[in-house]
Amino acid sequence: MSEPALKDSAKRVQVALEGFGFDFRVREFPASTRSAEDAAAAIGCSVAQIVKSLIFQAAESGGPVLILASGANRVDEAAVGRLLGEPIVRAKPDFVREVTGFAIGGVPPVGHSRKPTALIDRDLMALEEIWAAAGTPNAVFALTPEALCRITEGTVADIKQA
Ligand code: 5CA
């Protein structure tokens, strides 16, 4: 039996992934994958394997900053500010939608309306398989840390709170 068609937002992520030449497949779950904890429970993986795609805003230049953090970690915003050379502030929901084209809870690492500066939590690099949001609060896809680096053009950094 064929699977039901993806919602439009999830389809956009699938198309973006294919544009990079990957055959990662977006999966929609009946249960919520809105938070890292929800996603881990629905998938049956560890919270650490969930990639949180978090949007911040550079306080001076105003540009979008995408932080790809392990679901097990909290972002050290001051450390990120030092890395980027200017402070960052957590984005408001309207800014998230404007720069990514997606609503909080489903923000994927790729396929954004505006290309953000991207930083990748070093802890993700030690894992074999990780899962990221795919446009909706029920859609995710599995990938490798190396693929995450390639599709986001992100810099691997120490961004977690001690
Ligand atoms: N689909 C899941 C697992 S991949 C997901 O998107 N998780 S997430 O962690 O990447 O996205 C939820 C995040 O959105 C929260 O951790 C939080 O940082 C952010 N968020 C939630 N509410 C708000 C809000 N009101 N304003 C700004 N950011 C928010």
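**Exercises: a ligand site and a helix**

The space taken by the ligand is the largest pocket. Keep in mind that this is a predicted model.

**Exercise 1.** Work out which residues are closest to the ligand and what kinds of residue surround it.

*Solution.* Start with the head count: 14 residues surround the ligand. Next, pick out the closest ones, which are Thr33, Arg34, Arg90, Ala91 and Gly105. Now sort the shell by type: you get seven nonpolar residues, four polar and three charged. Finally, see where the shell comes from: strand β2 (residues 50-58) gives the largest share, with five residues.

**Exercise 2.** Find the polar backbone atoms that pair with ligand atoms, and say how much of the ligand the protein buries.

*Solution.* Take the ligand nitrogens to begin with. One nitrogen contact goes to a polar backbone atom of Thr33, at 2.5 Å. A nitrogen atom of the ligand also sits 3.5 Å from a polar backbone atom of Arg34. Then turn to oxygen: a ligand oxygen atom is 3.1 Å from a polar backbone atom of Ser53. As for cover, the ligand taken alone exposes 610 Å², and the protein buries 73% of that.

**Exercise 3.** Decide whether helix α5 is mostly covered or mostly open, then look at what comes just after α5.

*Solution.* Count along α5 (residues 145-152): six of its eight residues are buried, so to speak mostly covered. Name them next: Pro145, Ala147, Leu148, Cys149, Ile151 and Thr152. Last step, move just past α5, where Glu153 takes a positive phi of about 50°.

Note on methods: Residues are numbered from 1 along each chain as its sequence is written. This is a predicted model: local features need pLDDT of at least 70, side-chain atom pairs count only at pLDDT 80 or more; totals for chains, interfaces and linings use all residues. Side-chain values use heavy atoms; hydrogens and water are left out. A residue is near a molecule or strand if one of its heavy atoms lies within 4 Å of it. A polar contact is a pair of N or O atoms within 3.5 Å; within protein, one must be able to donate a hydrogen and the other to accept it, and residues adjacent in sequence count only if both atoms are side-chain atoms. Accessible areas come from the Shrake-Rupley method with a 1.4 Å probe; for residues, only the protein chains shown count as cover. On a 1 Å grid over the protein atoms alone, a cavity is a set of points where a 1.4 Å probe fits but cannot get out, and a pocket is an open set with protein on both sides within 12 Å along at least five of seven lines; lining residues have an atom within 4 Å of a point. A molecule sits in a cavity or pocket if more than half of its atoms lie within 2 Å of its grid points. Helices (H or I, at least four residues) and strands (E, at least two) are DSSP runs, numbered from the N terminus. Ala, Val, Leu, Ile, Met, Phe, Trp, Tyr, Cys and Pro count as nonpolar, Asp, Glu, Lys and Arg as charged, and the others, Gly among them, as polar. Buried means under 20% relative accessible area, exposed over 50%, partly exposed in between (1.4 Å probe, protein chains only).
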